[in-house]
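Here is a short briefing to read alongside the model. Please keep the structure open as you go through the points.

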Amino acid sequence: TLPMLSLKPRLALALLLVVGVFTADLFEPADNVSICFAYTLPILLGVYMGPGSTFRLAALATAASLVGSFIRPPEGGIVLSFVVNRVIAVAAQWLVAFLVEQRRRTHALVDARLTEERLVAETGRRFVQILTHEIATALTAIDGQGSRLGKLAQTIEPMDIIARSEKIRHAATRLKGLVERVRLAAEVGRGEILLNREAIEAVPFLEALVAEYEAAHVHIAVCVAEPTLHGDRVLIHQAVSNLVSNAIKYSPQPCAISIHAGRSALLDGSEITVADHGVGIALEELDRVFEPYYRAANSGGVPGLGIGLHLVRHFVEAHGGQVRIESQVDRGTTVHLHLPGAKP
């Protein structure tokens, strides 16, 4: 039951033990060797406390044992055997403290490794589950359209051939996009992002990006207060494009999205903000949406791998920047990309 206690009760119990041993020390004969070593008992509780707790308990036990030796010294005076016993007891206290602290650190490392392994396993499980679903959906479309073309080969109209071939191409493009995003995620995981920093004119950069979504029946408002961005053009484009794509996917159609470029309030540089009025993200999930292959609970039915925000964060952090996200369910999401300025 002791590990189930919170830190304060554990500390109180340890202090109570020190006081108890010190009290017994006052009533026992000064040359009682057993009471000298009893001071090690409270130190053992340090394994259930925070870093360094065992050494603080050892210092307290040492002080108490030394004070006890002066309050009630041996009747014949302090002799060599008495001093040796106390020195050995103090050495034992610090040896126990060292061993307990090492055990606590080892236990903490094992716990951290287990947590990391569980996270890796969960990430892998999510990846396989999502990727399987996305690939199966695309292959079903390709197989269905190809089969239909085969059956109707003698009677199908040219326009119908074009329409069905476009659906096949769309599914193939979707598969290609999945492979590319998985490749990017792997490169991010290995820390292989290479930057080609340059000054980027914000207006033409954002206008060109918005033009890519002209056929998506979406209104994107662009406001530029900071004329120049600094960083890797491709990675910044990919980050902002991921945010716009997410905004479109998770917003009712037709949707309205706003992009703002201005001075960063966090860094000596610029900030790009992408805001929507979509389904939003629950507060308890905000810290997890940047995990690879994690998808919010309300994302069911919306295609995706769950690595868009994961890539956004790594692209921005590769620049030395920061990502901030604000969201409310059914109210929308706002993502802030803070990028540093030009390098001296």
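Glu 101 is buried, because its relative accessible area is 2%, under the 20% cut-off. Its side chain meets that of Arg 105 in a salt bridge, at 3.3 Å from N to O. Bear in mind that this is a predicted model.

**Salt bridges**

- The structure holds five salt bridges.
- Arg 105 and Glu 101 sit four residues apart in helix H5, so about one helical turn separates them.
- Unlike buried Glu 101, Arg 105 is partly exposed, with a relative accessible area of 42%.
- Arg 233 and Glu 198 also meet through their side chains in a salt bridge, at 3.4 Å from N to O.
- Arg 233 belongs to helix H8 and Glu 198 to strand S1 (residues 197-201), so this pair ties together parts that are 35 residues apart in sequence.
- Both ends are partly exposed: Arg 233 has 35% relative accessibility, and Glu 198 has a relative accessible area of 30%.
- Arg 288 forms a salt bridge with Glu 291, with 3.2 Å between the closest N and O atoms; Arg 288 is partly exposed, at 32% relative accessible area.
- Glu 226, Arg 263 and Asp 268 are joined into one network by salt bridges that share partners.

**Overall build**

- The protein has nine helices and seven strands.
- Of its 344 residues, 40% are buried.
- Among contacts with a separation of 6 or more, 71% link residues 24 or more positions apart.
- The exposed area is about 19,400 Å², and carbon and sulfur atoms supply 63% of it.

**Nonpolar cores**

- In soluble globular proteins, nonpolar side chains tend to be buried together.
- The largest nonpolar core here has 42 residues, and Val 244, Ile 257 and Leu 337 touch the most other members.
- Elements that give two or more residues to this core include helix H7 (202-211), helix H8 (233-249), strand S4 (255-263) and strand S7 (332-340).
- H8 supplies the largest share of this core, eight residues.
- Leaving aside neighbours within four places in sequence, Leu 337 is in contact with residues including Ala 239, Val 240, Leu 243, Ile 272, Val 312 and Val 316.
- A second, separate core has 18 residues, among them Val 21, Ile 35, Leu 45 and Ala 97.

**The aromatic pair**

- How many aromatic pairs does a search of the whole structure find? The search finds one.
- The ring centres of Phe 55 and Trp 94 are 6.3 Å apart and the planes lie at 15°, so the pair is stacked.
- Phe 55 is in helix H4 (residues 53-71) and Trp 94 in helix H5 (residues 80-151), so the pair ties together parts that are 39 residues apart in sequence.
- Phe 55 is partly exposed at 28% relative accessibility, and Trp 94 is partly exposed at 34%.

**Surface features**

- Phe 37, Leu 80, Val 84 and Ile 88 make a nonpolar surface patch of about 360 Å².
- H5 gives the largest share of the nonpolar patch, three residues.
- Val 84 lies in helix H5 and is partly exposed, with a relative accessible area of 35%.
- Ala 265 is in the loop between S4 and S5 and counts as exposed, at 72% relative accessibility.
- Not counting residues up to four places away in sequence, Ala 265 touches Glu 271 and His 338.
- Ala 265 and His 338 are 73 residues apart along the chain, with 8.1 Å between their C-alpha atoms.

How values were computed
Residues numbered from 1 in each chain as written. Predicted model: local features only at pLDDT ≥ 70, side-chain atom pairs only at ≥ 80, totals over all residues. Heavy atoms only, no water. Buried < 20%, exposed > 50% of the residue type's maximum accessible area, 1.4 Å probe, protein only. Contact = heavy atoms within 4.5 Å. Areas by Shrake-Rupley, 256 points an atom, 1.4 Å probe, with all protein chains shown as cover. Core = buried A, V, L, I, M, F, W, Y, C linked by side-chain atoms within 4.5 Å. Phe/Tyr/Trp six-rings, centres within 6.5 Å; stacked < 30°, edge-to-face > 60°. Patch = residues over 30% accessible without salt bridge, like charges linked within 9 Å, V, L, I, M, F, W, Y side chains within 5 Å. Salt bridge = Lys/Arg side-chain N within 4 Å of Asp/Glu carboxyl O.
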